[in-house]
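Hi,

Here's the structure I promised to pass on. Have a look at it first, and then read on for what turned up.

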Amino acid sequence: AAREIAGLIEALGASGCRFERNGRWYEAGRARAHLQRKYDWARKRGLTGDAEAFIDKAASRSSLSGRAYRVACPGQAEADAGDWFRMRLAALRASPAPR
């Protein structure tokens, strides 16, 4: 699970997409850092789970406001962050494992 979650966070950071959080847009690197902090916070408190739980509990919406996160990538329609991460997770799982 930790490897998949790290892969999702890294995928956002390398995506070139913008990430909306509480009405403000952030570049991918700042969004990656924000989600890493949320994940680190959850791990310290024993709130870990699988990649789906990370998407549902941390990467889809603000824990403060409850507002859904959004992702806007060049040449693609804006999407809910939860949907974006679920697509990335499916792609990660479909790719061959590193050796």
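**What I found**

Let me start with a loop residue: Asn-22 is partly exposed, with 32% of its relative area accessible. Keep in mind throughout that this is a predicted model. Asn-22 sits in the loop that runs between strand 1 and strand 2 (24–27). What caught my eye is its backbone: phi is near 55 degrees, a positive value in a residue that isn't glycine. As a general matter, most residues other than glycine have a negative phi.

Next, the disulfide. The count comes to 1, and the partners are Cys-17 and Cys-73, with 1.9 Å between their sulfur atoms. Which parts of the chain does the pair link? Distant ones: Cys-17 is in the loop between helix 1 (2–14) and strand 1 (18–21), while Cys-73 is in the loop between strand 3 (70–72) and strand 4 (79–80), and the two are 56 residues apart. The link is right-handed, with 100 degrees about the S-S bond. Are these cysteines buried or exposed? Both Cys-17 and Cys-73 are buried.

On to the charged pairs. In general, side chains of opposite charge can pair when their charged atoms come close. How many salt bridges does the structure hold? There are 7, and these are some that I looked at:

- Asp-56 with Arg-86: their side chains meet at 3.1 Å, N to O. Asp-56 belongs to helix 3 (residues 51–59) and Arg-86 to helix 4 (residues 81–94), so this salt bridge ties together parts that are 30 residues apart in sequence. Asp-56 is partly exposed at 47% relative accessibility, and Arg-86 is partly exposed too, at 38%.
- Arg-86 with Asp-83: here the closest N and O atoms are 3.5 Å apart. Both residues lie in helix 4, 3 residues apart, which is about one turn of the helix. Asp-83 has 40% relative accessibility and counts as partly exposed.
- Arg-70 with Glu-78: another salt bridge between side chains, at 3.1 Å, N to O. Arg-70 is partly exposed at 22%, and Glu-78 is partly exposed at 41%.
- Glu-4, Glu-52 and Arg-93: these three are linked in a network of salt bridges.

So Arg-86 pairs with Asp-56 because a side-chain nitrogen of Arg within 4 Å of a carboxyl oxygen of Asp is what counts as a salt bridge, and their N to O distance is 3.1 Å. Arg-86 also pairs with Asp-83, at 3.5 Å.

While we're on Asp-83, one distance for orientation: the C-alpha atoms of Asp-83 and Tyr-39 are separated by 18 Å, with their positions 44 residues apart along the chain.

Helix 4 also holds Phe-85, and its setting is another story. Phe-85 has a relative accessible area of 0%, so it counts as buried. Which residues is Phe-85 in contact with, once neighbours within four places in sequence are left aside? They are Leu-8, Leu-12, Phe-19, Leu-35, Ile-55 and Ala-59. For a sense of distance, the C-alpha atoms of Phe-85 and Asp-50 are separated by 13 Å, and those two residues are 35 apart along the chain.

Last, the pocket, which may be the part you want to open up on screen. The largest pocket has a volume of about 410 Å³. It is lined by 21 residues, and the closest to its centre are Lys-38, Trp-41, Ala-42, Lys-57 and Ala-58. Which elements give two or more residues to the lining? Those are helix 2 (28–44) and helix 3. Helix 2 supplies the largest share, 6 residues. What is the lining made of, by class? It has 10 nonpolar, 6 polar and 5 charged residues.

That's everything I have for now.

Cheers

Key. Residues are numbered from 1 along each chain as its sequence is written. This is a predicted model: local features need pLDDT of at least 70, side-chain atom pairs count only at pLDDT 80 or more; totals for chains, interfaces and linings use all residues. Side-chain values use heavy atoms; hydrogens and water are left out. Helices (H or I, at least four residues) and strands (E, at least two) are DSSP runs, numbered from the N terminus. Buried means under 20% relative accessible area, exposed over 50%, partly exposed in between (1.4 Å probe, protein chains only). A disulfide is a pair of cysteine sulfur atoms within 2.5 Å. On a 1 Å grid over the protein atoms alone, a cavity is a set of points where a 1.4 Å probe fits but cannot get out, and a pocket is an open set with protein on both sides within 12 Å along at least five of seven lines; lining residues have an atom within 4 Å of a point. Grid points are joined across faces, edges and corners, and a volume is the space filled by probe spheres set on the points. Ala, Val, Leu, Ile, Met, Phe, Trp, Tyr, Cys and Pro count as nonpolar, Asp, Glu, Lys and Arg as charged, and the others, Gly among them, as polar. Contact means heavy atoms within 4.5 Å.
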